[in-house]
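Please look at the model below with its sequence beside it. The report that follows moves from the strands to the helices, then to the charged pairs and the outer surface.

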Amino acid sequence: VKDEFLPWLVIGGFSGIRTEEICPGPDSNKDRLRWDDFNWKKRHINIRPEVAKTNERRLVPILDNLYEWLGPF
């Protein structure tokens, strides 16, 4: 995998966030996940309503594996 795609893979793999929430397809009216959605101090990801499949905000924990893998990015 190219380095530029690694965050996308580990976010999906270690957090369970849906692919369409990370990077929606070109035909989608949804917004994408942004680095601003990551709260590193509180260790959670804010899934905004305009990103979420259900149109409801939720917080996803940043677990240790995800934290370590995303550190360099």
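In strand β3, L59 stands opposite N46, and this is one place where the pairing of strands can be followed residue by residue in what is a predicted model. Strands β2 and β3 pair in the antiparallel sense over four bridges. On the other hand, β1 and β2 also pair in the antiparallel sense, over two bridges, and here F38 stands opposite I45 in β2. These two strands, β1 and β2, form a hairpin with four residues between them, and in that turn R43 has a positive phi of about 55°.

Which residues of strand β2 are buried, and on which sides do they lie? Strand β2, made of residues 44-47, is covered on both faces, for H44 and N46 are buried on one side, and I45 and I47 are buried on the other. H44, which lies in strand β2, has a relative accessible area of 16% and is therefore buried, since buried means under 20%. Leaving aside its neighbours within four places in sequence, H44 is in contact with D37, F38, N39, L59, V60, P61 and I62.

**The first helix**

The buried residues of α1 are P7, V10, I11 and S15. Seen down the axis of α1, these buried residues fall within an arc of 105°, so they line one face of the helix. What lies over them includes α2 (19-22), β1 (38-39), β3 (58-61) and α3 (64-70), so a student who turns the model to that face of α1 can look for both helices and strands there. Just after α1, G16 takes a positive phi of about 80°.

**Charged pairs**

The structure holds seven salt bridges, and three of them are set out here with the closest distance between nitrogen and oxygen.

| Pair | Distance, N to O | Relative accessible area |
|---|---|---|
| E21 and R58 | 2.7 Å | E21 1%, R58 27% |
| R48 and D37 | 2.8 Å | R48 12%, D37 7% |
| D64 and R43 | 2.7 Å | D64 55%, R43 27% |

The side chains of E21 and R58 meet in a salt bridge. Because E21 lies in helix α2 and R58 in strand β3, this pair ties together parts that are 37 residues apart in sequence. E21 is buried, with a relative accessible area of 1%, whereas R58 is partly exposed at 27%.

R48 and D37 form a salt bridge with their closest N and O atoms 2.8 Å apart. This pair links distant parts of the chain, with R48 in the loop between β2 and β3 and D37 in the loop between α2 and β1, eleven residues apart. Both members count as buried, R48 at 12% relative accessibility and D37 at 7%. R48 and D37 also belong to a network of salt bridges that links D31, R34, D37, R48 and E50.

Is D64, which forms a salt bridge with R43, buried or exposed? D64 counts as exposed, at 55% relative accessibility, while its partner R43 counts as partly exposed, at 27%. The closest N and O atoms of D64 and R43 are 2.7 Å apart. Since D64 lies in helix α3 and R43 in the loop between β1 and β2, the pair ties together parts that are 21 residues apart in sequence.

**The two ends and the surface**

V1 has its place in the segment before α1 (6-15), and V1 is exposed, with a relative accessible area of 74%. Together with F5, W8 and L9, V1 makes a nonpolar surface patch of about 410 Å².

F73 is found in the segment after α3 and is partly exposed, with a relative accessible area of 45%. Leaving aside its neighbours within four places in sequence, F73 is in contact with D3, L6, P7 and W35; one of these, P7, is also among the buried residues of α1. F73 and D37 are 36 residues apart in sequence, and their C-alpha atoms are 14 Å apart in space.

Note on methods: Residues numbered from 1 in each chain as written. Predicted model: local features only at pLDDT ≥ 70, side-chain atom pairs only at ≥ 80, totals over all residues. Heavy atoms only, no water. Patch = residues over 30% accessible without salt bridge, like charges linked within 9 Å, V, L, I, M, F, W, Y side chains within 5 Å. Areas by Shrake-Rupley, 256 points an atom, 1.4 Å probe, with all protein chains shown as cover. Salt bridge = Lys/Arg side-chain N within 4 Å of Asp/Glu carboxyl O. Buried < 20%, exposed > 50% of the residue type's maximum accessible area, 1.4 Å probe, protein only. Arc of directions from axis to C-beta. Contact = heavy atoms within 4.5 Å. Pairing = 2+ DSSP bridges.
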